[in-house]
Amino acid sequence: MTINYTTESEKSWYKSPAIVAALGVSAIAFGAFLYPEFANQPIVHYRADDNSLSADRYNLQRQTHCQLSSQHYKPGDTAVSIPFADRAVVTQPVSIFNSLTLMGECQQNVRSITNQKPGTPLIPLLERAKVAIQQQHQTNKNPAILTILANAFEPRQGERGIDFSRVKALVDDIEKEGVVISFIVPSGQLYEDLTEELSGKASVCALDEGKDENSVRRSMTPCIDSAFDKARKLATKSN
C-alpha cells in the first residue's frame, strides 16, 4: 500500500491566497519606493567650484557642494564638473545611476586645477559654461542647473573689475538654454553686488566660510535645494 505523506504545508506556495496577497502588497510597496527615483525628468547639473589659490582652504565647501548636489541626483541625470581659477576647465559629463555615483569625487580634498596666472575672473567662467551648455544641449535637451561656488572673483592682470552688464548678458543667454543659475558666495561686497545686479535673474546665496561642517551645510542647503526644485519643475513642463 502506498502512503501519501503530502501535507497541506507542502502545497505550492502560489496556491495560498495569503502568500500571494502578501507578495502583491510587497511588490506594490517596492514599486512605490522606486517610482520617485525614475519618475523625475532627467536634468543636467553643471557644478562650478572655485579652485583658485585664494580658495585653497575651501575643501569643505567644495565637498559639501558635491555632496548636497549628489543627494538630489536621480537615475538619468547628468553631472558636469567645472573647476575654475584663472580659467575654467569643463570635465567629461558623468551619467548618474544613483546618489552614490559621485561618492568618490565628493571625497576629494585637493583642488582639481591651480592658477597658471593671477586672477579669478567671472566673465571667462560664464563664457566657458555657456559654450559647454550649448554643446551639451545639442544632444541633451533636458533642463539644467549651473551652481557656482566662489570665494571671490578677481580680474586677471591688466583687466578692470567685473563688467556686470556683460555678466547679465551672459546670464540671460545661459538661462535661455533652460538653465537655472545659482551663485554661492560669502557675504560681503561680492554677495551684495551679485544680489543687486542679478536681481530677478540668477539666485545668490550667502555661504558660511567656517570650518564647521554643519554651518557650511546649513548655509548651502537652501540654495542647492531651490535650484534643483526649479530645474525639476522646468523638466516637468518641457515633457
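**Exercise 1. Pairing of two strands**

Task: In this predicted model, determine in which sense E5 and strand E6 pair, and over how many bridges.

Solution: Begin with strand E6, which covers residues 203-207, and follow its pairing with E5: the two run in the parallel sense, and five bridges join them. As a particular example, take Phe 183, whose bridge partner in E6 is Val 204. Then trace the chain between the two strands, which passes from E5 through H6 to E6 in a β-α-β crossover that is right-handed.

**Exercise 2. The nonpolar cores**

Task: Find how many residues the largest nonpolar core has, and which element supplies the largest share of this core.

Solution: The largest nonpolar core has 32 residues, and Leu 125, Leu 126, Leu 146, Ile 148, Phe 183 and Leu 194 are those with the most contacts inside it. Next, look at where the core residues come from: at least two are supplied by each of strand E1 (44-50), strand E2 (78-84), helix H4 (122-137), strand E4 (144-149), helix H5 (164-175), strand E5 (179-186) and helix H6 (189-197). Of these, H4 gives the largest share, with six residues. A second core lies apart from this one and has 24 residues, among them Ile 43, Cys 106, Leu 149 and Met 220. To see the surroundings of a single residue, consider Leu 194, which, when neighbours within four places in sequence are left aside, is in contact with Leu 122, Phe 164, Phe 183, Val 185, Ser 199 and Val 204.

**Exercise 3. Helix H2 and one of its residues**

Task: Check whether the span of H2 agrees or disagrees with 1.5 Å a residue, and decide whether Ser 69 is buried or exposed.

Solution: H2 has 12 residues, so at 1.5 Å a residue the helix should span 16 Å, and this agrees with its end C-alpha atoms, which are 17 Å apart. Turning to the covering of the helix, we find that 11 of the 12 residues of H2 are buried, including Leu 60, His 65, Cys 66 and Leu 68. Ser 69 lies in this helix, which comprises residues 59-70. Its relative accessible area is 0%, and because buried means under 20%, Ser 69 is buried. Apart from neighbours within four places in sequence, the residues in contact with Ser 69 are His 45, Arg 47, Ile 224 and Phe 228.

**Exercise 4. Salt bridges**

Task: State how many salt bridges the count gives, and explain which parts of the chain are tied together by Arg 111 and Asp 56.

Solution: The count comes to 12 salt bridges. In one of them Arg 111 is joined to Asp 56, with the closest N and O atoms 3.2 Å apart. Arg 111 lies in the loop between helix H3 (103-106) and H4, while Asp 56 lies in the loop between E1 and H2, so the pair ties together parts that are 55 residues apart in sequence. Asp 56 has a relative accessible area of 39% and is therefore partly exposed.

Now consider Asp 173 and Lys 130, whose side chains meet in a salt bridge of 3.0 Å, N to O. Because Asp 173 lies in helix H5 and Lys 130 in helix H4, this pair ties together parts that are 43 residues apart in sequence.

A further salt bridge is formed by Asp 86 with Arg 87, the closest N and O atoms being 2.8 Å apart. Here Asp 86 is buried, with a relative accessible area of 4%, whereas Arg 87, at 25% relative accessibility, counts as partly exposed. Finally, a network of salt bridges links Arg 47, Asp 49 and Glu 105.

Methods: Residues numbered from 1 in each chain as written. Predicted model: local features only at pLDDT ≥ 70, side-chain atom pairs only at ≥ 80, totals over all residues. Heavy atoms only, no water. Helix = DSSP H or I, 4+ residues; strand = E, 2+ residues; numbered from the N terminus. Buried < 20%, exposed > 50% of the residue type's maximum accessible area, 1.4 Å probe, protein only. Contact = heavy atoms within 4.5 Å. Core = buried A, V, L, I, M, F, W, Y, C linked by side-chain atoms within 4.5 Å. Expected span 1.5 Å × (residues − 1). Pairing = 2+ DSSP bridges. Right-handed = clockwise from strand over helix to strand, strands pointing away. Salt bridge = Lys/Arg side-chain N within 4 Å of Asp/Glu carboxyl O.
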